[in-house]
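Visitor: Could you take me through this structure? I should like to start with the overall picture and then turn to details.

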Amino acid sequence: MAKILMVDDAAFMRMMIKDTLSKNGYSDLHEAADGQIAVDKYNELKPDLVIMDITMPNMDGLEALKTIKQLDPNATIVMCSAMGQEAMVIEAIKLGAKDFIVKPFKADRILKTLSSLNIQP
């Protein structure tokens, strides 16, 4: 069973992702509201996947991505942000993100990403 950590400072975004995942058989779902909490929860939970926003307080998603990849080079992280600028996407991929989902997105976009990464419920 896949363990997934959803990281976004907007509670409604976490709820939307959680709703999509739970309707599709994923049940081991965890949340964090900023990058620092995400790093702490990553250490505690060792999730199979992290879906992470970029623009957040305390520690942004790119910093958290960098920190998590230092702790675990095999971490599977997908960035999810409204900031779809090319430079941001390239930076995230360079830092080790497996994919980049631009908000707003349809539910099937997240499911396609999980499928391509072979993250099963």
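Guide: The overall fold comes before a helix, a strand pair and a single residue. This is a predicted model, in which local features need pLDDT of at least 70, side-chain atom pairs count only at pLDDT 80 or more, and totals for chains, interfaces and linings use all residues. Residues are numbered from 1 along each chain as its sequence is written, and side-chain values use heavy atoms, with hydrogens and water left out.

Visitor: How many helices and strands are there in the protein?

Guide: The protein has 5 helices and 5 strands, taken as DSSP runs (helices H or I, at least four residues; strands E, at least two) and numbered from the N terminus. Along the sequence they follow the pattern β-α-β-α-β-α-β-α-β-α. The radius of gyration is 13 Å, close to the 14 Å of the globule rule for 121 residues, so the protein is as compact as a globular protein of that length. That radius is taken over C-alpha atoms, and the rule is 2.2 Å times the number of residues to the power 0.38.

Visitor: Which residues of α2 are buried?

Guide: In helix α2 (residues 35-45) they are Gly35, Ala38, Val39, Tyr42 and Leu45. Buried means under 20% relative accessible area, with a 1.4 Å probe and protein chains only. Down the axis of α2 these residues fall within an arc of 150 degrees, so they line one face of the helix; the arc is that of the directions from the helix axis to the C-beta atoms.

Visitor: What do they pack against?

Guide: The buried residues of α2 pack against β1 (3-7), β2 (28-32), β3 (49-52) and α3 (61-71), where contact means heavy atoms within 4.5 Å.

Visitor: And what caps the N-terminal end of α2?

Guide: Aspartate 34 does, with a side-chain oxygen 2.9 Å from the backbone nitrogen of glutamine 36. After α2 comes lysine 46, whose phi is positive, near 50 degrees.

Visitor: Changing topic, do β1 and β2 run parallel or antiparallel?

Guide: β1 and β2 run parallel and are joined by 5 bridges; strands pair if DSSP finds at least two bridges between them. Leucine 5 has histidine 30 in β2 as its bridge partner.

Visitor: Lastly, is serine 81 buried or exposed?

Guide: Serine 81 is buried, with a relative accessible area of 2%. Serine 81 belongs to strand β4 (residues 77-81). Leaving aside residues up to four places away in sequence, serine 81 touches Asp53, Ile54, Phe100, Ile101, Val102 and Lys103.

Terms used. Buried means under 20% relative accessible area, exposed over 50%, partly exposed in between (1.4 Å probe, protein chains only). A polar contact is a pair of N or O atoms within 3.5 Å; within protein, one must be able to donate a hydrogen and the other to accept it, and residues adjacent in sequence count only if both atoms are side-chain atoms.
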